[in-house]
Amino acid sequence: MKCRVCRAPAVIDVRRHNANFCADHFVSHCEEQVRRTISHFEMFGHRDRVLVAVSGGKDSLALWDLLVRLGYEVDGLYLGLGIGNYSDASGEYAREFAKSLGRPLVEVDLREEHGFDVPAAAAATRRVPCSACGLSKRHLFDRAALDGGYDVLATGHNLDDEAAVLFGNVLRWNTEYLARQLPVLPARSGFPRKVKPLVRLAERETAAYCVVRGIDYQVEECPMAEGNRHLGYKEALNLLEARSPGTKAAFYSEYLDKASHLFTSAQVEGPGQLHACRSCGSPTPGDVCAFCRLVEKAST
Ligand code: Q46
Ligand code: ZN
Ligand code: ZN
C-alpha cells in the first residue's frame with residue numbers, strides 16, 4: 001500500500017476516495033477537506049473569532065487542531081456534563097490539549113452553574129439522558145458563543161454523524177429537522193452562526209488524524225449513550241458502506257445538493273415568533289425556554 005501522492009508506505013486507506021496516504025499526506029488530505037468545506041459553505045473567514053465546542057473526544061480535538069493549522073483564531077469551549085469518571089477524564093483531555101495548543105479553553109460546568117448534571121436531569125425528566133444533554137449543550141453553546149463575543153460556533157460533527165442523523169430524519173420524514181440539518185446555520189437574533197467543518201471527514205479519518213498528530217483523546221464512548229438511536233443508524237450505514245464504499249458520503253452530499261432546499265424553502269418562516277425567555281433572556285417560542293424549564297425540574 002503506497003501513498004497516492006509520494007509513493008512512500010501508506011498508513012491509511014480512504015476507500016471512498018480510492019486513495020492511500022502516508023502520515024504527512026493524510027494530514028494534508030484532512031486539511032484540504034476542511035479547507036474546502038469552510039470555503040464552499042462560506043463558514044467563516046480569517047478575521048472571525050471562532051469558538052469550537054470540545055468534548056475531549058477525537059472529532060472535536062481534531063477540529064480544533066485543524067482550524068489552528070489552517071490559520072484561524074479559535075478558542076475552545078468545554079461543557080462539564082457531570083457524567084462520572086467519563087466527564088472527569090474528558091475534561092482533562094480537553095484541558096491538556098488546550099495547553100498544548102496554547103489557546104484559551106472556556107469552561108462551563110452544569111452542576112456548578114446550573115445545579116444539575118446529566119444523570120440528574122435524566123432521572124428528573126424520566127427520558128433518555130441524551131435528550132436533556134442535547135438540550136443543555138445547544139443552549140449553553142449558544143450562550144457561551146454570544147457572551148464571549150464570538151462570530152461563529154463550530155462543532156465536530158463528522159460525516160458519519162451527519163449521515164446517521166439524516167438517515168434517522170429520512171426514515172421518519174422529519175421535515176422540520178431535515179430543514180435544519182445543514183453544515184451552516186446563519187446567526188439569528190439570540191443565536192450565533194453555527195458550522196460543522198468536519199462533514200467531509202469520516203469518523204475513521206478523525207481518529208486516524210489524532211493518532212498521526214499524536215493527539216491524546218477520550219477513547220471511551222459516553223456511558224449514557226445507550227438508547228441513543230443514532231448508534232443503530234450508524235451501524236446500518238456501516239453495513240451499506242462496507243458493501244459499497246462511498247454510499248455514506250453520497251447519501252449526505254446528494255441531500256445537500258439536491259434535496260435540502262426543498263425542506264428549507266418550506267420552512268422559511270422558522271419556528272414562529274420568538275420572545276425573550278422570562279428567566280434567561282434566550283429566544284423561545286413560549287414564556288420560559290426549554291433549558292430554564294429543565295433547570296427548574298432537575299436542579300437541587
Ligand atoms: S454526551 Fe450527552 Fe452524548 Fe452522552 S448523554 Fe448522550 S448526548 S451520548 S454526544
Ligand atoms: Zn505521501
Ligand atoms: Zn431561559
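The paragraphs below walk through two zinc sites and a pair of packed helices in this structure, which is a predicted model.

We can begin close to the start of the chain, where the zinc ion (ligand 2) is coordinated by the SG atoms of Cys3, Cys6 and Cys22 together with the ND1 atom of His25, at distances of 2.0 to 2.3 Å. Written as a pattern along the sequence, these donor residues follow the spacing C-x2-C-x15-C-x2-H. The angles that the four donor atoms subtend around the zinc ion (ligand 2) run from 97 to 114°, and the arrangement is therefore tetrahedral, since four donors are given that name when all angles lie between 85 and 135 degrees. Two of the donor residues can also be described by their accessibility: Cys3 is buried, with a relative accessible area of 0%, whereas Cys6, at 36%, is partly exposed.

The zinc ion (ligand 3) is held by the SG atoms of Cys277, Cys280, Cys289 and Cys292, at 2.3 to 2.4 Å, and here the spacing of the donor residues in sequence reads C-x2-C-x8-C-x2-C. This site, too, is tetrahedral, with angles of 106 to 114° among its four donor atoms. Among these donors, Cys277 sits in the loop between β9 (275-276) and β10 (283-284), while Cys289, 12 residues apart from Cys277, sits in the loop between β10 and α12. Cys277 has a relative accessibility of 4% and so counts as buried, and Cys289 is likewise buried, with a relative accessible area of 5%.

From that loop we can move on to helix α12 itself. Two packed helices are described by the angle between their axes and the distance between the axes. For helix α5 (residues 118-125) and helix α12 (residues 290-298), the axes come within 9 Å and cross at roughly 85°, and the two helices are therefore roughly perpendicular to each other. On the α5 side the contact is made by Ala120, Ala121, Ala124 and Thr125, and on the α12 side by Leu294, Lys297 and Ala298. Sorted by class, the residues of this contact are five nonpolar, one polar and one charged.

Helix α12 also contains Val295, a residue whose relative accessible area of 19% means that it counts as buried, because the cut-off for that word is under 20%. Leaving aside residues up to four places away in sequence, Val295 touches His114 and Phe116. By contrast, the C-alpha atoms of Val295 and Leu63, which are 232 residues apart along the chain, are separated by 30 Å.

Note on methods. Residues numbered from 1 in each chain as written. Chains lettered and ligands numbered in written order. Predicted model: local features only at pLDDT ≥ 70, side-chain atom pairs only at ≥ 80, totals over all residues. Heavy atoms only, no water. Donors = N, O, S within 2.8 Å, 3.2 Å for Na, K, Ca; no water. Tetrahedral: all angles 85-135°; square planar, octahedral: opposite > 155°, others 65-115°. Buried < 20%, exposed > 50% of the residue type's maximum accessible area, 1.4 Å probe, protein only. Axes fitted to C-alpha atoms, helices over the stretch in contact; angles between N-to-C directions. Helix = DSSP H or I, 4+ residues; strand = E, 2+ residues; numbered from the N terminus. Parallel < 35°, antiparallel > 145°, perpendicular 65-115°, else oblique. Contact = heavy atoms within 4.5 Å. Nonpolar A, V, L, I, M, F, W, Y, C, P; charged D, E, K, R; others polar.
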